[in-house]
Amino acid sequence: MGSGSSPCASCKLLRRRCAKDCIFAPYFPPDDPHKFAIVHKVFGASNVSKMLQELPVHQRADAVSSLVYEANARMRDPVYGCVGAISYLQNQVSQLQMQLAVAQAEILCIQMHQGPDQLPATMVDCDMKSLLLSGNNTSDFGDQFLSYTSSSNNVIQDPLKRESLWT
């Protein structure tokens, strides 16, 4: 049985007697019933039991953590789950890379205006788009920068701001 005489969260929710060899007891303690409830709602107790039985004992705790994470993500976004969160974060990384490229171009622009006699005459005129498109270090961001600057709707709604996936 789980801890003491109290049934584990799984057996408590499923209203059954918690056996000594209960597969859920080590991972779903009675003091955290929400953890099993959400996993049960998304995956079902039978499926979770089968998954845990197929894994070596040393991998089960990590599997339960992953199931809880995915179940929380599925509750927030039933269609995409974790993939939606990953996609959102990848998009955020892309936007931050774009902001970094723009900041680097601005720094280069400022440096060129401070010492124009040390640079070729063709580079003294600072235009952010042409700078990004012609610069060696930032040319990878050229197409992204053009679409970024020409689009007026680059704000992404953050469905994850209200609550963390790790709770």
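**Stop 1: a nonpolar surface patch.** Select Val79, Tyr80 and Val83 in this predicted model. Together these three residues make a nonpolar patch on the surface, with about 340 Å² of accessible area. Now keep Tyr80 alone in the selection: this residue sits in the loop that links helix 4 to helix 5 (82-114). Is Tyr80 buried or exposed? Its relative accessible area is 53%, so Tyr80 counts as exposed.

**Stop 2: a salt bridge in helix 4.** Next, select Glu70 and Arg74 and show their side chains. The two meet in a salt bridge, with an N to O distance of 2.7 Å. Where do they stand relative to each other along the helix? They are 4 residues apart in helix 4, which means that about one helical turn separates them. Colour the pair by accessibility and look at each partner in turn. Glu70 has 17% relative accessibility and therefore counts as buried, the cut-off being under 20%. Arg74, with a relative accessible area of 29%, is partly exposed. If you go looking for further pairs of this kind, note that the salt bridge count comes to 1.

**Stop 3: a buried arginine.** Stay in helix 4, which spans residues 57-76, and select Arg60. Arg60 is buried but has no salt bridge. Which side chain of opposite charge is nearest to Arg60? That is Asp21, and a distance label between the two would read 9.8 Å. A salt bridge needs the side-chain nitrogen and the carboxyl oxygen to be within 4 Å.

What does the side chain of Arg60 reach instead? Show the backbone of Leu52: its oxygen lies 2.7 Å from the Arg60 side chain. Then bring up the surroundings of Arg60. Leaving aside residues up to four places away in sequence, Arg60 touches Ile23, Tyr27, Leu52, Gln53 and Leu55. Leu52 thus appears both in that list of contacts and as the owner of the backbone oxygen.

**Stop 4: the whole chain.** Finally, clear the selection, switch to a cartoon and zoom out. The chain has 7 helices and 0 strands, and its pattern along the sequence is α-α-α-α-α-α-α. Of its 167 residues, 29% count as buried. With a surface display on, you are looking at about 11300 Å² of exposed area, of which carbon and sulfur atoms supply 53%. For a contact map, take the contacts between residues at least 6 apart in sequence: 49% of them join residues at least 24 apart.

Methods:
Residues are numbered from 1 along each chain as its sequence is written. This is a predicted model: local features need pLDDT of at least 70, side-chain atom pairs count only at pLDDT 80 or more; totals for chains, interfaces and linings use all residues. Side-chain values use heavy atoms; hydrogens and water are left out. Helices (H or I, at least four residues) and strands (E, at least two) are DSSP runs, numbered from the N terminus. Buried means under 20% relative accessible area, exposed over 50%, partly exposed in between (1.4 Å probe, protein chains only). Lys and Arg count as positive and Asp and Glu as negative; His and the chain ends are not counted. A polar contact is a pair of N or O atoms within 3.5 Å; within protein, one must be able to donate a hydrogen and the other to accept it, and residues adjacent in sequence count only if both atoms are side-chain atoms. Contact means heavy atoms within 4.5 Å. Patches are made of residues with over 30% relative accessible area and no salt bridge: like charges are joined within 9 Å, nonpolar side chains (Val, Leu, Ile, Met, Phe, Trp, Tyr) within 5 Å. Accessible areas come from the Shrake-Rupley method with a 1.4 Å probe; for residues, only the protein chains shown count as cover.
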